[in-house]
Amino acid sequence: MVVAERVLSGMQPTGDSLHLGNYVGALLNWVRMQEQHDAYFMIVDLHAITMPQDPAALREATRRTAAQYIAGGIDPDRSTPFVQSHVPEHAQLAWVLMTQTGMGEAARMTQFKDKSAKEGSEHAGVGLFTYPILQAADILLYQPYGVPVGEDQKQHIELTRDLAQRFNHRFGETFRIPKPLIPEQGARIYDLQDPTAKMSKSASSPNGVLLLTDTDKKIAKKIKSAVTDDGAEIRYDPAVKPGISSLLSIYSVLGGKSIPELEAEYADKMYGHLKVDLAELAVATLGPVRDRTAELLNDPGELDTLLAKGAAKARETASSTLAEVYQKVGFLPAAGG
């Protein structure tokens with residue numbers, strides 16, 4: 001019997017909803033991966049509190065994100081969806097890894113530098129500084145062969161690999177060295193109003209972000225009002241035609257057609273034709289996800305049961321790894337443990 005390779009990834013439960021970038025850049029890839037992998041997918045609420053959160057809003061966002069995972073195609077019978085804070089081993093391993101991390105290498109992490117520059121270093125919390133180390137613990141607990149991530153997370157995976165190798169060298173073979181699994185296409189979806197910027201929950205205009213909770217009318221309106229480029233030719237050229245290139249990328253992923261196929265199909269058509277067709281495709285694709293999400297949120301008992309099942313399976317794996325780590329670093333076992 002061939003044992004499926006394990007993968008692990010997760011998203012933060014911040015903002016009003018996951019957006020098209022999360023769906024295309026992560027969720028669709030996860031759905032494909034669960035078919036042939038032992039897949040673990042987290043809602044990373046511990047990471048979310050590195051920035052100020054309203055407690056009630058965070059709980060609601062965590063539930064909504066979990067519902068959107070499942071509505072988007074994550075099957076709890078094939079994968080293990082769970083909430084990060086339901087598995088205390090994440091924070092426990094993170095502390096051990098912090099003792100193995102140099103101040104300099106933590107300070108070089110891009111996200112800390114970017115966010116602390118925006119907020120001012122005096123306002124940046126220690127949690128933001130140690131965020132990549134918690135992320136390393138998230139990964140190493142489950143001994144995955146790979147981590148599906150966007151290009152912007154590659155640096156954090158490199159830190160994870162460094163910490164795993166350092167621990168293994170000092171304490172003996174313990175962690176599997178994971179590799180980043182970056183999708184070749186669709187990993188980066190751009191803002192509909194600013195096609196040079198990655199689609200983000202913190203975008204300056206809500207019209208540039210397509211939320212998975214948007215109504216059919218909103219989905220169509222946002223796509224039809226998307227910024228395009230000078231000229232009328234529909235071709236993929238991110239440097240010269242970022243707006244049309246972004247729409248072609250979205251169409252390609254949602255519609256299952258290659259970029260060259262779409263260029264040929266729209267060779268003699270106007271931008272408006274592409275937008276109308278893409279709007280219809282997006283509504284047909286995202287509408288059922290939105291509706292299934294609403295069903296799950298209206299039945300919190302079912303959602304809680306699915307998340308409890310996922311957390312129990314995750315803890316089974318995580319506790320085994322943590323016990324080995326604790327033994328190797330020299331912690332005294334608890335009596336009866």
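**Cores, a loop residue and helix H8**

Biologist: In this predicted model, which residues have the most contacts inside the largest nonpolar core?

Modeller: That core has 57 residues, and those with the most contacts inside it are Leu 20, Tyr 23, Trp 30, Tyr 69, Ile 223, Leu 254 and Leu 274. Apart from it lies another core, of 31 residues, including Leu 93 and Leu 163.

Biologist: What does Tyr 69 touch, not counting residues up to four places away in sequence?

Modeller: Among the residues touched by Tyr 69 are Gly 10, Leu 27, Trp 30, Phe 41 and Ile 74.

Biologist: Why is Arg 188 called partly exposed?

Modeller: Buried means under 20% relative accessible area and exposed means over 50%. Arg 188 has 35% relative accessibility, and therefore counts as partly exposed. Arg 188 is placed in the loop between strand E5 and helix H9, and touches Glu 151, Asp 152 and Lys 198, residues up to four places away in sequence not being counted.

Biologist: How do you know that the span of helix H8 agrees with what is expected?

Modeller: The expected span is 1.5 Å times one less than the number of residues. For the 18 residues of H8, this should give 26 Å, and the end C-alpha atoms are 26 Å apart, so the two agree.

Biologist: What puts the buried residues of H8 on the same side?

Modeller: The buried residues include Ile 157, Leu 163 and Phe 167. The buried residues cover an arc of only 165° around the axis, and therefore lie on the same side of H8. On the other side, His 169 and Arg 170 are exposed.

Notes: Residues numbered from 1 in each chain as written. Predicted model: local features only at pLDDT ≥ 70, side-chain atom pairs only at ≥ 80, totals over all residues. Heavy atoms only, no water. Core = buried A, V, L, I, M, F, W, Y, C linked by side-chain atoms within 4.5 Å. Buried < 20%, exposed > 50% of the residue type's maximum accessible area, 1.4 Å probe, protein only. Contact = heavy atoms within 4.5 Å. Helix = DSSP H or I, 4+ residues; strand = E, 2+ residues; numbered from the N terminus. Arc of directions from axis to C-beta.
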